[in-house]
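This briefing is meant to be read with the sequence and the coordinates open side by side. It takes up helix packing, empty space and a few individual residues in turn.

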Amino acid sequence: MTKIIGLTGGIGSGKTTIAQYFKSLGIPVYIADDEAKKMLDVPTIQKEIKETFGEVVFENGAISRPKLASVVFENPEKLKVLNGIIHPAVKEHFKDWFVQHSNNPIVIREAAILFESGSYLDCDKIITVVAPLETRIQRVLSRDKTTREAVLNRIKNQWTDEMRIAKSDFVIENNDLSNAKEQVDKILKKLTNP
């Protein structure tokens, strides 16, 4: 039976880098955030977002991700509403993906809001990736066109590392990539040789 391993962490923790390392080892990885972004192009979801948030989040007939982000990351209630539109669709998509990969001993389900969305309930084990706050901020600033204040706002709207760690089976400290990879290797041994 295929085990679903949840992989999560706050913005800038480096969870996607860790996910890519799992992938390089031949383990199927589902990146929920990428699929959630694709959902914004689905006509039924676009319609629901337009009805909920109005034309202000659209540009040239398509959802403007920056406009939508500025609306929801300033308001936790609106973020919950958006997640309520997107995440049921992502959950269905994952089920189909999982069937295609069910011949593997383990698969990784990477999601920033694994706990907040309730997706952790479908996981056999959970790994949380952590990094120091300043490291996380610098990673996001160098990756996204954003401000320090916007990054801190997004961090404030996510679960804390302590909250995630309390519900996780494993923690990867991602300050140094080669060290983080060693931690992944140790976790994999535990997962594949219970």
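What follows is a set of notes on one helix pair, one pocket, one cavity and several single residues.

The model is a predicted one, and local features were taken up where pLDDT is at least 70. Helix α5 covers residues 76-100, and this helix gives the most to the lining of the largest pocket, with nine residues. Helix α5 also packs with helix α2, which covers residues 32-39.

**Packing of α2 with α5**

- Two packed helices are described by the angle between their axes and by the distance between those axes.
- For α2 and α5, the angle is about 115° and the axes are 9 Å apart, while the crossing of the two helices is right-handed.
- On the α2 side, the residues that take part in the meeting are Ala32, Glu35, Ala36 and Met39, and on the α5 side they are Ile86, Ala89, Val90 and His93.
- Sorted by class, this contact of α2 with α5 has six nonpolar residues, one polar residue and one charged residue.
- Asn83 also lies in helix α5, and its C-alpha is 9.2 Å from that of Ala36, although the two residues are 47 apart in sequence.
- Once its neighbours within four places in sequence are left aside, Asn83 is in contact with Pro88 and Ile113.

**The largest pocket**

- Rolling a probe the size of a water molecule over the atoms shows where empty space is left.
- The largest pocket holds about 1,600 Å³ of space, and of the 47 residues that line this pocket, the closest to its centre are Ile11, Asp33, Lys37, Phe73 and Arg154.
- The elements that each give two or more residues to the lining of this pocket are α1 (15-24), α2, α4 (65-72), α5, α6 (133-143) and α7 (148-156).
- In terms of residue class, the lining of the largest pocket divides into 18 nonpolar, 14 polar and 15 charged residues.

**The cavity**

- The count of cavities of 30 Å³ or more comes to one, and the space in the largest cavity is about 30 Å³.
- The residues that line the largest cavity are Ala32, His87, Val90, Arg109, Ala111, Ser117 and Ser119, and by class this lining has three nonpolar, three polar and one charged residues.
- Two of these lining residues, Ala32 and Val90, also take part in the meeting of α2 with α5.

**Buried residues of strand β5**

- Arg109, one of the residues that line the largest cavity, has its place in strand β5, which covers residues 106-110.
- Is Arg109 buried or exposed? Arg109 counts as buried because its relative accessibility is 2%, which is under the 20% cut-off.
- Leaving aside its neighbours within four places in sequence, Arg109 is in contact with Ile4, Ile5, Gly6, Leu7, Tyr30, Lys91, Phe94, Leu114, Ser119 and Asp122.
- Val107 is likewise placed in strand β5, and Val107 counts as buried because its relative accessibility is 0%.
- The contacts of Val107, again without its neighbours within four places in sequence, are Thr2, Lys3, Ile4, Ile5, Ile27, Pro28, Trp97, Phe98 and His101.
- Val107 and Ile126 are 19 residues apart in sequence, and their C-alpha atoms are 12 Å apart in space.

**Exposed residues**

- Gln100 is found in helix α5, and Gln100 is exposed because its relative accessible area is 59%, which is over the 50% cut-off.
- From C-alpha to C-alpha, Gln100 and Tyr30 are 12 Å apart in space, with their positions 70 residues apart in sequence.
- Asn103 is found in the loop between α5 and β5, and its relative accessible area of 67% is why Asn103 is described as exposed.
- The C-alpha atoms of Asn103 and Thr2 are separated by 6.9 Å, although the two residues are 101 apart along the chain.
- Asn60 has its place in the loop between β3 (58-59) and β4 (62-63), and Asn60 counts as exposed because its relative accessibility is 79%.
- The phi of Asn60 is positive, at about 55°, although Asn60 is not a glycine.

Notes
Residues numbered from 1 in each chain as written. Predicted model: local features only at pLDDT ≥ 70, side-chain atom pairs only at ≥ 80, totals over all residues. Heavy atoms only, no water. Axes fitted to C-alpha atoms, helices over the stretch in contact; angles between N-to-C directions. Helix = DSSP H or I, 4+ residues; strand = E, 2+ residues; numbered from the N terminus. Left-handed = near helix turned anticlockwise from the far one by under 90°. Contact = heavy atoms within 4.5 Å. Nonpolar A, V, L, I, M, F, W, Y, C, P; charged D, E, K, R; others polar. 1 Å grid on protein atoms, 1.4 Å probe; cavity = no way out; pocket = protein on both sides within 12 Å on 5 of 7 lines; lining within 4 Å. Points joined across faces, edges and corners; volume = space filled by probe spheres on them. Buried < 20%, exposed > 50% of the residue type's maximum accessible area, 1.4 Å probe, protein only.
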